[in-house]
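User: Hi! Could you walk me through this model, one question at a time?

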Amino acid sequence: MNPFSLLPPRKTSTGHSRQPLRALPLAGVALLALFCGAAAPAADDPYGEWIGTLVAEKGHNCPVHTVSLMQVQPKHITFTPEMGALVLRGVPDKKTQHYHAQLILQDSHHQQLPMVFEAHPVGDTFEGVYGTPECRAHVTLKRPEGRAWKNFMGDD
């Protein structure tokens, strides 16, 4: 008798025993992996939320104190440094694995102040670079823990 079966074996008309629901344990393992957040490669499934903390490479005034957020949808991408009020926006290119977002403000002297974010998938993460005229920082973005179902199904 199979220890993974939920029902006892049945005899067929030819005298052979049949094991019902043999695939049930495998289906259960697959569902468990889904709900526990088995990570798909970021290149194959970039959509959803990604978080990480920026690490300054050079310059000053880098937003490195709390978590930043990247949200990828089929037709738009946003990057929010330190989950603050400034949101960089762009259009993702899944085909070329190019994820670019930017925001251009004006400083007090009416000069442009560009903020740029570039990312690309690496395994089950994204590696990104954030830059302004005063700062350059890098980040490794991962899916938030406990969010496997939302990342699988999309927005709530």
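Analyst: Gladly! A definition to begin with: rings of Phe, Tyr and Trp, with the six-membered ring taken for Trp, pair if their centres lie within 6.5 Å. Planes under 30 degrees apart count as stacked, over 60 as edge-to-face and the rest as tilted. Please keep in mind that this is a predicted model.

User: How many aromatic pairs does that rule give here?

Analyst: A pair of aromatic rings is described by the distance of the centres and the angle of the planes. Applying the rule to this predicted model, the count of aromatic pairs comes to four.

User: Take W50 and F126: is the pair stacked, tilted or edge-to-face?

Analyst: The ring centres of W50 and F126 lie 4.9 Å apart. Their planes stand at 80°, and over 60 degrees is the cut-off that matters here. The pair is therefore edge-to-face.

User: Which strands does that pair link, and how many residues apart are the two?

Analyst: Distant parts of the chain are linked by this pair. W50 belongs to strand β3 (residues 48-52) and F126 to strand β10, and their separation along the chain is 76 residues.

User: Are W50 and F126 buried or exposed?

Analyst: The cut-off for buried is under 20% relative accessible area. W50 has a relative accessible area of 0%, and F126 is also listed at 0%. Both values fall under the cut-off, so W50 and F126 are buried.

User: What about F79 and F117: is the pair stacked or edge-to-face?

Analyst: The centres of these two rings are 3.8 Å apart. Their planes are at 0°, which is under 30 degrees, so the pair of F79 and F117 is stacked.

User: Where in the chain do F79 and F117 sit, and are they buried or exposed?

Analyst: F79 is in strand β6 (residues 77-80) and F117 is in strand β9, so to speak two distant parts of the chain, 38 residues apart. F79 has a relative accessible area of 0%, and F117 has a relative accessible area of 0%. Each value is under 20%, so F79 and F117 are buried.

User: Which residues form one aromatic cluster?

Analyst: W50 and F126, the edge-to-face pair, belong to this cluster. With Y99 added, the members are W50, Y99 and F126.

User: Which residues does T125 touch, leaving out those up to four places away in sequence?

Analyst: T125 is in strand β10, and its relative accessible area of 10% makes it buried. W50 is one of its contacts. The full set is A42, W50, H120, T140, L141 and K142.

User: And D45: is it buried, partly exposed or exposed?

Analyst: D45 lies in the loop between α1 (24-35) and β3, and it touches A40, W50 and R143, leaving out residues up to four places away in sequence. Its relative accessibility is 25%, between the cut-offs of 20% and 50%, so D45 counts as partly exposed.

User: Which residues line the second largest pocket, and which strands supply at least two of them?

Analyst: This pocket has a volume of about 210 Å³. Its lining holds seven nonpolar, three polar and one charged residues, namely N61, P63, P81, G84, A85, L86, L113, M115, Y130, T132 and E134. The strands that each supply at least two lining residues are β9 (112-122) and β10 (125-132).

User: What is the phi of M83, and what is the phi of H110?

Analyst: Most residues other than glycine have a negative phi. M83, in the loop between β6 and β7 (88-90), is partly exposed at 46% relative accessible area, while H110, in the loop between β8 (99-106) and β9, is exposed at 63%. Phi is positive in both: near 45° for M83 and about 60° for H110.

User: Finally, what is the mean pLDDT, and where is the pLDDT below 50?

Analyst: In the protein chain, 69% of the residues reach a pLDDT of 70 or more, and the mean is 82. The stretch with pLDDT below 50 has seven contacts in the model beyond near neighbours in sequence, and it covers residues 26-37.

Note on methods. Residues numbered from 1 in each chain as written. Predicted model: local features only at pLDDT ≥ 70, side-chain atom pairs only at ≥ 80, totals over all residues. Heavy atoms only, no water. pLDDT = per-residue confidence, 0-100. Contact = heavy atoms within 4.5 Å. 1 Å grid on protein atoms, 1.4 Å probe; cavity = no way out; pocket = protein on both sides within 12 Å on 5 of 7 lines; lining within 4 Å. Points joined across faces, edges and corners; volume = space filled by probe spheres on them. Helix = DSSP H or I, 4+ residues; strand = E, 2+ residues; numbered from the N terminus. Nonpolar A, V, L, I, M, F, W, Y, C, P; charged D, E, K, R; others polar. Buried < 20%, exposed > 50% of the residue type's maximum accessible area, 1.4 Å probe, protein only.
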